[in-house]
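Work through the exercises below with the structure in view. Each task is followed by a solution in steps.

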Amino acid sequence: MNLDAVPSYLTPTGQEIVFLLLGAVAVGSALLVVTTRQLVHAALWLVVTFGALAGCYLVLTAEFVAWVQVLIYVGAVVVLLLFGIMLTRAPIGRSPDLDSGNRVLAAVVALATAVLLVTVVIDGFRTAYAPLTEVDGAAKTIGSSIFRTWVLPFEALSVLLLAALIGAIVLSRTDIRGRD
Amino acid sequence: MTTMLAGPIGPSLADFGKDPWWISLIKAVFIFVFLMLGVLFGVWTERKLISRMQNRYGPNRAGKFGLLQSVADGLKMGLKEDLMPRTVDRVVFFLAPVIIAVPAFLAFSIVPFGPMVSMFGVQTPLQLTDLPVAVLFVLAMASMGVYGIVLAGWGSRSPYALLGGLRSSAQVISYEIAMALSLVAVFLFAGTLSTSEIVNAQAAGGTWEIGGLSIPLPSWYVVMLFPSFLIYVVTMLGETNRVPFDLPEGEGELVGGFHTEYSSSLKFAMFMLAEYVNMFTVSALAITMFFGGWQAPWPISLWDGANTGWWPMLWFFGKLVIAFCFFVWVRASLPRVRYDQLMALGWKLLIPISLAWIVLVATVRALRLEGGDRTLVMAMLGVIVVVIGVLYYAFDTSRERKKKDQQAQVREEFARLRNEPTAGGFPVPPLDLPHYHGVSSRPAVTRADSKEVTSEAKV
């Protein structure tokens, strides 16, 4: 963190403007995901959200994270979502029953979470300024920091994911029954 | 190949991002034109080649050797009426061909065509751009292309199109995993994900010091990483929905698959375009990853000037043509696989084998590290081998038992069905209808209502 050379907020660089615009796109399309009345369009707006997030990573020079975001979230997670929607029912046009009765509660929870996160970030960093370097986002730096500094959380997460995977297989197989 | 250890060093990552804008524009336009012409003549090549393989002539009316056939087809598609079925989701129906075509073109931007050349007095690499994670970019673009297929299938609002879209999304996702895994071994050897540097890494093979002997290793990864290459070839066919994995558009069962409702107009042309551009992309990736990219093959590489200037573009193009002809050859030779066979091959064979192969490659790399703790690595290797042996034994015995159980079950079922053919309850056509056994349906008709009998008797 370089505290000496904090540039003024009033003269944003091109990068910062693009970052803000991408953030606006991400938030706007995320809102559309929950407000649209067309099921498949909601999934497509989710794609736009994830794409805008990937764009944010790219602006922050985290190329590896950005393309992994596109590959995993856009390319696999939402496709699986669409796959699931189409397997069950694929309505074209508006579905009136897409609205949840909990919309007020959900909005309150979402707002509270957003406020919490924003205050934590602002409180934690305040006017700290980190200049962007191209090296930080490369696969090599990320790899060595994951497998050296953060290897324990990484392994814990991978065991968690493995457990979830096995759980999913067990749940989906009808020929494996629990002990009575 | 090992004779040219002091091979030419192509551009590295540092050489990119320095082009003036007009050079980038020239390169982008070149790639676009190259791909468009490639599709035009690729379709012709495929039809002509497959015809010769099937002992017929193929297109031979439009132009010399039928060379203008694709041009004629393209013009016809442009002039046809663009139908929009009434109940489709208009936005999605329109967007799907665009979504499928754009990533296909974008993926080609990181393919290295050649080394540094002088273009109008500017030293520039023969490649539009390169990223530290270029191969990841290609995979990401391939996964974006799936949306085109899924949305075309869903937006058409037709059962055939929907089934085609579903099949395709499941297939492409499954094969993408195996494809990415097959490339990991290349990354381990090259130490980078940038395409230009992977080509550089294949300029010269290293040597393997074993017991005082130094054995030169071949430089192209296709030799050293042959299992990876085989897996890549299979996934490459699966990823582009080509025969033998062209289930999304299985004509026999799904009419045209996901593009059934696209009425041979320009939108349909976009789907064809994307299919062929995707074939070129996976071929170019195979060449870059396993066949030394733009570097000259062995007899030509003895000539000093083979890998300098504009010549490498010719070698690259030659390799691309060979790869494309391989696609056609496969199409002419292999029948389409069944859907469950396709999924079983992807998930139960390709992914486990590539995982095991990656572990093996990583172990060998670790063994060759200078100053590494070899006893530790050896001990771990021994433990792994023992564990695999135990696991194999356990699985094998349980599989044998399952197989025996299954055979017994099938025998029992057959015996039951022989005694009582109507048992079993198969949902689809009962195979014991009276007329299969030579029984006339006359008696049943005479028993029914007289009015219906007369109408049926006329029919």
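**Exercise 1. The contact between the chains**

Task: Find how many residues each chain gives to the contact, and which helix of chain B gives the most to its side.

Solution: The model is a predicted one. The contact is made of 21 residues from chain B and 19 residues from chain A. On the side of chain B that touches chain A, helix 4 and helix 5 each supply at least two residues. Helix 4 of chain B gives the most, with nine residues. By class, this side of chain B has 16 nonpolar, three polar and two charged residues.

**Exercise 2. Helix 4 against helix 5**

Task: Decide whether helix 4 of chain B is roughly parallel or roughly antiparallel to helix 5 of chain B.

Solution: Begin with the axes of the two helices of chain B, which come within 7 Å and cross at roughly 170°. Angles over 145 degrees count as roughly antiparallel. Therefore helix 4 of chain B is roughly antiparallel to helix 5 of chain B. Next, look at the residues that meet: those from helix 4 include B:V135, B:L139 and B:W154, and those from helix 5 include B:A161, B:E176 and B:L183. This contact of helix 4 with helix 5 of chain B has 14 nonpolar, six polar and one charged residues.

**Exercise 3. Helix 8**

Task: Compare the reach of helix 8 of chain B with the expected value, then state which helices its buried residues pack against.

Solution: Helix 8 of chain B covers residues 226-239, which is 14 residues. From first C-alpha to last it reaches 20 Å, close to the 20 Å expected at 1.5 Å a residue. Among its buried residues are B:F229, B:I231, B:Y232 and B:L237. The buried residues of helix 8 pack against helices of chain B that include helix 4 (134-155), helix 5 (159-190) and helix 10 (266-290).

**Exercise 4. Two residues with positive phi**

Task: Where do B:F65 and B:N241 lie, and is each one buried or partly exposed?

Solution: Most residues other than glycine have a negative phi. B:F65 is not a glycine, yet has a positive phi of about 55°. B:F65 sits in the loop between helix 1 (21-53) and helix 2 (69-79) of chain B. B:F65 counts as partly exposed because it has 13 C-beta neighbours inside 10 Å.

B:N241, also not a glycine, has a positive phi of about 55°. The loop that holds B:N241 runs between helix 8 and helix 9 (251-254) of chain B. With 23 other C-beta atoms within 10 Å, B:N241 is buried.

Conventions. Residues numbered from 1 in each chain as written. Chains lettered and ligands numbered in written order. Predicted model: local features only at pLDDT ≥ 70, side-chain atom pairs only at ≥ 80, totals over all residues. Helix = DSSP H or I, 4+ residues; strand = E, 2+ residues; numbered from the N terminus. Expected span 1.5 Å × (residues − 1). Buried ≥ 20, exposed ≤ 12 C-beta atoms within 10 Å, placed from the backbone. Contact = placed C-beta atoms within 7 Å. Nonpolar A, V, L, I, M, F, W, Y, C, P; charged D, E, K, R; others polar. Axes fitted to C-alpha atoms, helices over the stretch in contact; angles between N-to-C directions. Parallel < 35°, antiparallel > 145°, perpendicular 65-115°, else oblique.
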